[in-house]
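Got the viewer open? Let's take a walk along this chain, one selection at a time.

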Amino acid sequence: MGSYYAMAQMFAIVSAAFIGVLIFAGIASIVITVIVYRKNITPYVDKTLSIKDKSTWGPFWRFENLLVDKVLKALYIFNSVCIALACALMLLVIIVASFMAMGSDIGTGFLALFLGIIAMVAIFLVLEFLNRISYELVIMFINLCQNISDIRKKYVGAPSLTPKRVVAPIGASVAGAINKATEQAAAYQQAPTAPTAPAQPQDAPEPQDAPGTWTCPECGKTGNVGNFCGGCGHAKP
């Protein structure tokens, strides 16, 4: 009964110590994350939403500045710190257990200590690597979306490199042509013209009788055939 009570008391002490260590590690992780974030990330981020600054409201509602990028970076720092503290605590446990084992067998204790250190270092490196790779993939996708948004904001609305051809309406084109023709006609009419000499009347050539015909000397009829005039009956001269 006394041994059972001692084991329960020992379990309660270890559990309380473990919970206390977890709480301390959580608080330490949060503090270290805030310090690292404010020192290495905050000076390089864009202006975030501020209730007092109305100029930040528009970009916030238009999703021009993505908050998920900043949140993921903070979570990456927090997870990295948690992995480091967890491995450090496990390494401390291994060291304590190894020294306790040295009381019965020094060689076994040193071997356990050496293997424990190697294992914890390997676990720490693998966990940090996986943590880094996973967050890099996610942040790479976020940065790609952010770059597309920046390119869109930069080039949308920029003036075109080729001049636009302005096409006038059909009615305006016809009216312009008519006005231009009217102006040209008025200018032509107003232009001074050189005086032209009056045409000299020319004597009409005397009609010539066709072969075998004659002209009546009495009435002047031409083209008579025979011995008498077809107009007045005068005899052929």
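Start with a quick puzzle: does Glu136 count as buried, partly exposed or exposed? Select Glu136 and turn on the surface: with a relative accessibility of 35%, Glu136 counts as partly exposed, because the buried class takes in values under 20% and the exposed class values over 50%. Keep in mind as you go that this is a predicted model.

**Stop one: the salt bridge**

Stay with Glu136 and add Arg132 to the selection. The two form a salt bridge, and their closest N and O atoms are 2.8 Å apart. Both sit in helix α4, residues 106-155, and because they are four residues apart there, about one helical turn separates them. Arg132 is partly exposed too, at 40% relative accessibility. Searching the whole structure turns up one salt bridge.

**Stop two: the whole chain**

Now zoom out and switch to a cartoon view. You'll find five helices and zero strands, so reading from the N terminus the order is simply α-α-α-α-α. Colour by burial next: of the chain's 237 residues, 14% count as buried.

**Stop three: helix α3**

Select residues 67-101. That's α3, with 35 residues. Put a distance between its first C-alpha and its last and you get 51 Å, close to the 51 Å expected at 1.5 Å a residue. Which residues of α3 are buried? Among them are Leu72, Tyr76, Ile77, Val81 and Ile83, and the list also includes Asp69, Lys70 and Cys87.

**Stop four: the largest pocket**

Keep α3 on screen and look for the largest pocket, which holds about 490 Å³ of space. Two elements give two or more residues each to its lining: α1 (2-40) and α3. To get to the middle, select Phe18, Val21, Leu89, Met90 and Val93, which lie nearest the centre among the 16 lining residues. Colour the lining by class and you'll see 14 nonpolar residues, two polar ones and no charged ones.

**Stop five: the cysteines**

Head to the segment after α5 (170-190), where Cys219 lies. Select Cys229 as well: it is ten residues from Cys219 in sequence, and their C-alpha atoms are 8.7 Å apart in space. How many disulfides does the structure have? The count comes to zero, with a cut-off of 2.5 Å between cysteine sulfur atoms.

Last, compare two cysteines on the surface view. Cys216 is buried, with a relative accessible area of 2%, whereas Cys219 is partly exposed, with 42%.

Methods. Residues are numbered from 1 along each chain as its sequence is written. This is a predicted model: local features need pLDDT of at least 70, side-chain atom pairs count only at pLDDT 80 or more; totals for chains, interfaces and linings use all residues. Side-chain values use heavy atoms; hydrogens and water are left out. The expected span of a helix is 1.5 Å times one less than its number of residues. Buried means under 20% relative accessible area, exposed over 50%, partly exposed in between (1.4 Å probe, protein chains only). On a 1 Å grid over the protein atoms alone, a cavity is a set of points where a 1.4 Å probe fits but cannot get out, and a pocket is an open set with protein on both sides within 12 Å along at least five of seven lines; lining residues have an atom within 4 Å of a point. Grid points are joined across faces, edges and corners, and a volume is the space filled by probe spheres set on the points. Ala, Val, Leu, Ile, Met, Phe, Trp, Tyr, Cys and Pro count as nonpolar, Asp, Glu, Lys and Arg as charged, and the others, Gly among them, as polar. A salt bridge is a side-chain nitrogen of Lys or Arg within 4 Å of a carboxyl oxygen of Asp or Glu.
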